[in-house]
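Q: Got a minute to go through this one with me? Let's start with the aromatic rings.

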Amino acid sequence: MPIPKIDTNWLIRYKLYHIPFWCVYHFIWWSIAIGNPLKAASYLLFTPMLVKFSFYVIFQAIAVYFNLYFLIPRYLEKSRFVIYIILLLSTVAITSLWITPGYYLSAFLIHKSVIQAYGGLYNCLGEAIPSTLASMTLAMSIKLTKNWLQTTRRQQLLEKEKLETELKFLKYQFNPHFLFNSINSIFFLIHKNPDMASDSLARFSELLRHQLYECNDRQIPLSKELDYLENFIGLEKLRQHDDLEVGLEIDPGPVARLGIAPFILMTFVENAFKHVSRQSGRRNWININIRLNGLQLEMDVDNSTWEEELQEVINYGGIGLKNVRRRLELLYPGQYELSITKNTGSFAVRFKLMLSEMELSPSYELMA
């Protein structure tokens with residue numbers, strides 16, 4: 001019988017390490033106030049001072065996390081500064097009032113009044129208010145520093161990913177196999193169907209222009225990315241055999257001012273053409289469906305494939321599924337869903353991405 005694996009990360013998963021942190025934090029302040037850490041420890045362990053200490057730890061922790069996880073995201077991060085300051089000061093005042101019963105209870109346990117033990121309610125609040133402010137300031141400093149470090153780290157990764165992605169797509173842009181096959185297909189169409197050849201040449205020109213000039217920004221208009229996909233699919237259909245059925249349905253709705261990282265959608269379409277089955281005497285097909293639901297872009301890509309190629313498809317050829325997910329995680333953390341399914345004789349991709357509006361440059365405004 002296998003031995004069940006013990007999860008050793010429960011302390012971090014449930015953030016239980018915060019409890020000893022706040023205990024140590026308050027103990028340090030008490031040691032400074034008393035002037036002797038051993039004497040402070042004896043007070044806490046062997047006298048009713050432990051009750052007063054517990055009130056500080058519990059209620060200040062509640063105030064700290066209320067500020068970090070409710071007030072800051074809802075008001076400070078949304079620039080509602082006046083409301084935030086009012087609620088923050090109210091939280092400090094209410095927390096200090098909650099701490100004062102600890103003084104009364106500890107005084108009761110040593111058979112003294114609050115005035116005899118601590119000098120009265122005003123003295124209790126005079127200690128509780130600055131202590132609460134100090135705890136909340138410390139927690140905010142730690143939280144904001146952590147967020148700043150994470151943001152800096154993410155920016156570094158994004159810059160590195162941008163360089164790596166540019167190199168990979170530079171190789172794709174000048175792929176001789178794709179270029180020569182597309183040019184040859186257009187060349188043969190010139191005598192066979194001049195109108196189709198003219199249309200294909202225009203698509204080819206638009207595709208190269210997009211790759212060379214229009215996809216250098218971190219975000220490009222969604223309409224440009226969709227135009228690029230249509231041009232790419234049109235050229236790929238010229239290069240494929242007649243027994244390949246390609247279905248394309250784009251229903252994006254209003255795409256004005258919606259932006260997307262370049263070549264995010266391209267990866268799935270390119271891979272479908274790369275790994276589609278090409279068996280004579282059977283149906284070979286690719287179905288691509290793109291739609292816009294509010295700000296959420298939804299994309300379904302299905303293609304027939306040979307059973308023996310399914311594992312190769314999972315590896316996602318050039319850029320790799322691992323790199324696709326990594327790029328999405330860097331560019332759109334928590335804003336996408338990607339499902340890869342291998343079925344008998346087919347391969348399916350289900351992709352959802354939450355988009356945002358972008359400021360269009362003057363050049364894009366003129367081209368729109």
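Q: How many aromatic pairs are found in the whole structure?
A: A search finds 9. Rings of Phe, Tyr and Trp (its six-membered ring) pair if their centres lie within 6.5 Å; planes under 30 degrees apart are stacked, over 60 edge-to-face, the rest tilted. This is a predicted model: local features need pLDDT of at least 70, side-chain atom pairs need pLDDT 80 or more, and totals for chains, interfaces and linings use all residues. Residues are numbered from 1 along each chain as its sequence is written, and side-chain values use heavy atoms, without hydrogens and water.

Q: How do Phe 59 and Trp 98 pair?
A: Tilted, at 5.6 Å centre to centre and 50° between the planes. Phe 59 lies in helix 4 (residues 49-76) and Trp 98 in helix 5 (residues 81-109), so the pair ties together parts 39 residues apart in sequence. Helices (H or I, at least four residues) and strands (E, at least two) are DSSP runs, numbered from the N terminus.

Q: Which rings form a cluster there?
A: Phe 55, Phe 59 and Trp 98, linked by ring pairs.

Q: Is Phe 59 buried or exposed?
A: Partly exposed, at 21% relative accessibility. Buried means under 20% relative accessible area, exposed over 50%, partly exposed in between (1.4 Å probe, protein chains only). Trp 98 is also partly exposed, at 42%.

Q: Switching to the sheet. What is the strand order?
A: The open sheet has 3 strands in the order 1-3-8, with antiparallel pairing. Two strands pair if DSSP finds at least two bridges between them. Strand 1 (220-221) and strand 8 (356-357) are at the edges, each with a single partner strand, so one side of each has no neighbour in the sheet.

Q: What stands opposite Leu 258?
A: Glu 357 in strand 8.
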